[in-house]
Each structure stands twice: as structure tokens, then as C-alpha cells.
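Welcome, and please open your viewer. This tour goes from one selection to the next and tells you what is there at each stop.

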Amino acid sequence: MATWESRGLRGSVLEDMINKTNEIYREKKLALIQKVPTPITPINIDKESRHITLAYFDQKSTVDYIGAVQGIPVCFDAKECNTDRFPLANIHEHQMAFMKEFEEQEGVAFFLIMFTEINTFYYMRYREAEKFWQRMEEGGRKSFLREELDPDFFFEAGRNAFLPYLNMLEKDLSERDE
């Protein structure tokens, strides 16, 4: 079972950037996206600071963010990668299952991947992730290479750590309409 202490980068750079971007989108009335809290059971609490120092996750989370963009339901998960090879072990089966069901309900599911080595971002559509996932399940590679990704869905951060992922969502939606 995973503990709070072992879960890595709580408050990661990517998550902070997404939260800031979501606040800007909310203020401009472009989108309402919320971070999905992961239910935890506290084990140790520091009595002086009243902060949780050790906890267990109650259940598997689905995705990191969920909400609506101009009436379109969206959900996405944020992932960081420090090389040009993204291990599919970073994506969980229950996340793929949730995203599949979400898309079946006319929602849009995607991953926002930060390639920290080159400080660039990628909007990975669920259907693209599904292809890599299926390849793995059929005995193929358990990762994908950055060079395998669609160059049209890479993007850079804007000023003040703003991530213009709605531009990528718009491109995704226009391709779905074709």
C-alpha cells in the first residue's frame, strides 16, 4: 500500500502550473477544472503543526483533474517524464478504464505530460494513449518514445508558468469533428 511519504513529488512543478492555469481559465470563465482530491487515512499527525506526516491512500484515484470547458466535460491526468522514454507503468489500468468510460459518455479525456529534460509539454489524447497501452498488452514495448508522439500536440509554457492546454483541446476537438 502506498504511503503519503512514498508518493514522490507532492506539489510538483507541473501540478502547480496546472492549478495556476486552471485558476486563470476560471477567472476568464473559459473553463471550470478542479483537482480531484485523493482520499487518505491519516496515521501520524504532528501535534504542534497539526500536519499529517504519514497517511495511507484509501482507494485508487481516477484522474487528477475533472471539469468542464465551455460545456464540454473534460478529465485529465498530469504526468512528468525526465527522459525521452515514457514508461507506461506511470499510467494505471484503472485510469485508462475511467478515461475510456468518460469518453464513451461524450467527454474528452487526456494526459498532460511534462518532459522536464527539455521543458516542454505534450497533450496526449486518450485514444493515442490507448494505442500505446494496447501495444503493451499485446506484448510490445512497455513505454513510448517522445519521437513517436504527434508533433502537433507539443506546446510550451506561456508567461508566468501558464500552460495553454485549451489550445490543444481545441485542436483535439476539431480533429474529432473531421
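The stops below go from the whole chain to single residues.

**The whole chain**

Before selecting anything, keep in mind that this is a predicted model. Colour the protein by secondary structure, and you should find 4 helices and 10 strands. Following the sequence from its start, these elements come in the pattern α-β-β-β-β-β-β-α-β-β-α-β-β-α. The protein has 178 residues, and 38% of them count as buried. If you take contacts between residues at least 6 apart in sequence, 63% of them join residues at least 24 apart.

**The sheet**

Now show the strands alone. In what order do the strands of the open sheet lie? The 6 strands run β1-β4-β5-β7-β8-β10, with mixed pairing. At the edges you will find β1, residues 31–35, and β10, residues 154–155, each of which pairs on one side only. As general background, strands of a sheet pair through backbone hydrogen bonds, either parallel or antiparallel.

Next, select residues 72–81 and 108–115. These are β5 and β7, which run parallel and are joined by 8 bridges.

**Two helices across the sheet**

Add residues 93–104 to the view. This is helix α2, which lies across β4 (65–69), β5 and β7. Its direction makes an angle of about 155° with β5.

Then add residues 126–137, which form helix α3. Helix α3 lies across β7 and β8 (120–125), and it runs at about 85° to β8.

**D77, in strand β5**

Zoom in on D77, a residue of strand β5. Is D77 buried or exposed? Its relative accessible area is 2%, so D77 is buried, the cut-off being under 20%. Look across to β7, and you will see F111 standing opposite D77.

Now show what surrounds D77. Leaving out residues up to four places away in sequence, D77 touches T62, V63, D64, Q95, M99, F110, F111 and L112. Pick Q95 from that list and draw a distance between C-alpha atoms: D77 and Q95 are 8.5 Å apart in space and 18 residues apart in sequence.

**The cysteines**

Stay with strand β5, residues 72–81, and select C75 and C81. C75 is buried with a relative accessible area of 0%, and C81 is buried too, with 4%. How many disulfides does the structure hold? The count is 0.

**Aromatic pairs**

Show the side chains of the aromatic residues. The structure holds 14 aromatic pairs. One of them is Y25 with F162, an edge-to-face pair with 5.5 Å from centre to centre and 80° between the planes. This pair links distant parts of the chain: Y25 is in helix α1 (residues 13–27), F162 is in the loop between β10 and α4, and 137 residues separate them. Y25 is buried, with a relative accessible area of 4%, whereas F162 is partly exposed, at 22%.

For another pair, select F86 and F144. Their rings are stacked, with centres 5.0 Å apart and 20° between the planes. F86 is in strand β6 (residues 85–87) and F144 is in strand β9 (residues 143–145), 58 residues away along the chain. Both F86 and F144 are buried.

**An aromatic cluster and two lysines**

Select Y25, Y65, F76, F110, Y123, F153, F162 and Y165 together, and you have one aromatic cluster on screen. Two of its rings are worth a second look. Over the ring of Y65 sits the charged end of K35, 5.4 Å from the ring centre. Over the ring of F153 sits the charged end of K171, 5.8 Å from the centre.

**Last stop: A161**

Finish with A161, in the loop between β10 and α4 (165–177). A161 is partly exposed, with a relative accessible area of 28%. Which residues is A161 in contact with, beyond its neighbours within four places in sequence? They are M17 and T21. To end, draw one more C-alpha distance, from A161 to L14: the separation is 9.2 Å, although the two are 147 residues apart along the chain.

Key:
Residues are numbered from 1 along each chain as its sequence is written. This is a predicted model: local features need pLDDT of at least 70, side-chain atom pairs count only at pLDDT 80 or more; totals for chains, interfaces and linings use all residues. Side-chain values use heavy atoms; hydrogens and water are left out. Two strands pair if DSSP finds at least two bridges between them. Contact means heavy atoms within 4.5 Å. Axes are lines fitted to C-alpha atoms, for helices over the stretch in contact, and angles run from 0 to 180 degrees between N-to-C directions. Buried means under 20% relative accessible area, exposed over 50%, partly exposed in between (1.4 Å probe, protein chains only). Rings of Phe, Tyr and Trp (its six-membered ring) pair if their centres lie within 6.5 Å; planes under 30 degrees apart count as stacked, over 60 as edge-to-face and the rest as tilted. A charge sits over a ring if NZ of Lys or CZ of Arg is within 6 Å of the ring centre and within 35 degrees of the ring normal. A disulfide is a pair of cysteine sulfur atoms within 2.5 Å.
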